[in-house]
Structures are given as structure tokens and as C-alpha cells.
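Hi,

Here is the structure I promised to pass on. Have a look at it first, and my notes follow below.

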Amino acid sequence: GDILDDYLRTDGIWILTRNKQSYKTNNEKECAEKCEAERNFNCRAFLFTSKKLQCLTLAENAKMTVAFNSMDAVLYEKKIYLLQCKKGIGKDYRGMEAKTRRGIPCQKWTEKTPHNPNYTPEKHPDAGLEENYCRNPDNDEKGPWCYTTDPATRFDYCNIPECEGQCMQCNGEDYNGEVSRTESGLECQHWDAQEPHMHGFTLKHFPEKDLKMNYCRNPDGEPRPWCFTTSPTKRWEYCNIPRCTTHLLVSGLGSQCLSGKGEDYQGRIAITESGNVCQHWNTQFPHRHGWIPNRYPCKGLEENYCRNPDGEKRPWCYTINSSIRWEYCAIPHCDGTEQGIAGMSNTPVQVPLSEECYRGKGQSYRGTASITASGKKCQAWNSMFPHRHEKTPDRFPNADLRDNYCRNPDGDNSPWCFTTDPSMRWDYCNLKRCNDQTQE
């Protein structure tokens, strides 16, 4: 295969690292060859700039240091150093786990206390014996291990989950295996093909989703990996990927306060900003929905706590008020301030923040309303859940299909959206026409 297949590409990013070497190369492949041949340090990544044709081999990747935007730069990171899982016995495991399965910190491979090691970087230069990371230099059938910092325990095994190549974690968003048939046995259509089914899921538009060959993938947050099929009568279907028996270890307890959009919020607030009690995620009353906890095991959908499983502006929940389907929650900011557009008022946050009306058929509407006339929350245009569709941002580049805002990309009577209610595919939005201010 291509040498670049072993790297994860990220455009427009630069990382700071002290250990680096500069080379003149003509293209990314030549730069990758420099990284493979690097002898000054263990090359984990490289930066390439197309204008200056500059190649920088790096000892660190974005997981280990500070990153910032840089228009002309392209970062390539070796996938083997990004994987926090093992394939088979983990001989090639190069992750950063540094404690045993019982939680004891590992001893550094270069140290001689409390245990004098048989396996050292000098004796085994290709085994990745860096720092105190778990490794498998002796091909132990039980997988990666390390010498421990407990004088009473010379060594122990580490708790490294299986890689997605054999199974899937969570909803298989990071699955990069080679299954290429659907659960009913249909062969998958190649992602770079538009026959028999046209679609917008191309490597160009989703460079980080590993859309290679015709392998099953989950680029859009579906419950599990899927693919378009080669059958003209079946557009797409899920793939039968087994779930990993060993679960990924979630670092810490999750955030108890709001940072960013609050996608990592794991606190126990269960009331909306207007005072409505949240509906339990595992119930379908009073509001039916698709966010079922056992379908999304890594989204933290416990009890009725506020969460942000879909990349909304901030954590939210369905409410037990039958007339209000969902609302945002007031979560304390990690810096001490409180988040909330409407504060703690009794008004649901359903008011567009800029334009409050549309002109004509609303094809020029660029406001931020995202609620339908029936009170449903809009589905994001780049999402295929719960409704699969072809009104994607890349197919309608001039329609401003951002987030889940109401739009009219197809010349309908007024702005509309797909809804997050599995039982209602789409609806017109709760907007007024500018000229007469009448409710549409």
C-alpha cells in the first residue's frame, strides 16, 4: 500500500516539539520516507508545507504537545502511536498506558530499581521500550506488560483493549477494520464511487474518517458502522461488527462543569434552564426519541442527566413536560461563570438569535432557528441520524447548511429541516414571513 496509509493526515495544523529534524523534500511521500528512516529519535509524525516544500520529522504527535492553526501546514501522525489499543498479543502496541491492570505505575525501562530488568532499550531497540509505557518485547501471549514500581511485584500485565480492527468500541466511530459486507451479506460500494448510489461521503469531504476501499465505517454518528451497498435496490445497510469485550478506559470521571460544547460533561444536573425536569434517556414518554442508552454506550446517557450526545451548542435533555420536547441545561462553566442564553428564565431557548423572519420562500434565510412548527428539534444537515438524506452541505454548497439551522435548499415554500424525531422525517420551521409577520 501507499506509505501515507500508515499516517493520519490533518490539514492546517502545526505542533510544537523540541525534538525535530528539517529536510527539503518535493512531496509528502518523500517526507514520510524521511520519518521512516529517522535515526536521531523515534519519529512519531511529520509536518509538510507545500509552499516552502519543507519537511519536519517530529519526535512527538498532537497527543503529546501543543497544537495550533497554520494555514499551509499538513500534519501526518503515525497511526501506530495514536492507537490506544492492541492487535493480537500487542507486539506492535505503542500507546501510552503506563500502569498495570491493578493500577500500579510502571517502572521506566531504563531504570534498575526496584527491579533489575532483563528487557532494556539497548538490548531490544525495536521493541518501543520508551519511558514506562506498557510493551510486549518478548511476545508474551497475554499481551503488553511492564516492570512495576512495587518492590513486591516484579512485573504485571496491562489492561489494553482490543483494536477496532477485530471489534468496535462505542458506536464504531473509530473502527478501521476491513469488513466490507453488510449484515445481510451484500458487498459494500467503494466510498470513492458514485454508482449505484450517489452520496457525499468522500475522502475529500471527510479526510479524517478513514473512508478507504469499501470498508464499513461510521462517519456520521450512526449507532454502528455501515456502508452503501452494490445492490441498486438497497441504498445502505449496517455491518455486523462485533462489540469489543474489553471496554476502553474512560479517563477520570468526565467533566463536572461546562467546557467547550460540554460533550464530555458527565455531571448530575437533571433540570433544564427554565426549570423543567429531564426525561430519563431510557424512556420514550412523554417524548419518543432515538437516543437510547444501549445503542450509544459511550455517550454517558445515564438516568436523566443533561448530556450533549449530538454536538449541540451545550448539554440538553428531553423534558417530562409533554408540551416542551427538549431544552438546554444551565451547567456551571469550568471557569466559574454560568452558561445560558436565557439564563434561568422560564422561556425555552427556541428563539433564533439573528434573523427572526424570512423573505419570499426563505432561500436567503441565514438565521439560527432550529425548531420546527410542531416543536421538534432540527437534525444537523451533515448527520444521517435519525433520517438518512441527500441534503448535505457538500451537495448544496450555496445553501449555508450549517449545524441544524432551518434552511430552504430545494426551493420549498419556506425554511424547513429534518427532525430529530424518528417518527417525523421533516417539518417546516417555526418562522414568520418578514412582510406580513404571519405564522407559517
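Buried area here means the accessible area (1.4 Å probe) that two parts lose on being put together, summed over both. By that reckoning, domain 2 and domain 3 bury about 880 Å² between them, with carbon and sulfur atoms giving 50% of it. On the domain 2 side, Lys313, Arg325 and Trp326 supply 50% of the area buried against domain 3, more than any other three residues.

Some housekeeping: this is a predicted model, so I should say that local features need pLDDT of at least 70 and side-chain atom pairs count only at pLDDT 80 or more, while totals for chains, interfaces and linings use all residues. Residues are numbered from 1 along each chain as its sequence is written, and side-chain values use heavy atoms, with hydrogens and water left out.

The domains themselves are domain 1 (7-81), domain 2 (252-333) and domain 3 (357-434); the bounds come from an automatic or database domain assignment. The C-alpha centres of domains 2 and 3 lie 23 Å apart. Eleven residues from domain 2 and ten residues from domain 3 are in contact (heavy atoms within 4.5 Å).

Now the charges. I count a salt bridge when a side-chain nitrogen of Lys or Arg is within 4 Å of a carboxyl oxygen of Asp or Glu. The structure has 25 salt bridges by this rule, and two of them run between domain 2 and domain 3. Asp310 pairs with Lys377 in a salt bridge, with the closest N and O atoms 2.7 Å apart. Arg388 does so with Asp220, at 3.8 Å between the closest N and O atoms. That second pair links distant parts of the chain, 168 residues apart: Arg388 is in the loop between β12 and β13, and Asp220 in the loop between β7 (155-157) and β8 (226-228). Strands (E, at least two residues) are DSSP runs, numbered from the N terminus.

The β7 to β8 loop also holds Asp210, whose phi is near 55°, a positive value in a residue other than glycine.

Two cis peptide bonds to look at:
- Phe285 to Pro286, with omega about 5°; Pro286 is in the loop between β9 (236-238) and β10 (316-318).
- Phe385 to Pro386, with omega about 0°; Pro386 is in the loop between β12 and β13.

Shout if anything is unclear.

Cheers

Methods. Helices (H or I, at least four residues) and strands (E, at least two) are DSSP runs, numbered from the N terminus.
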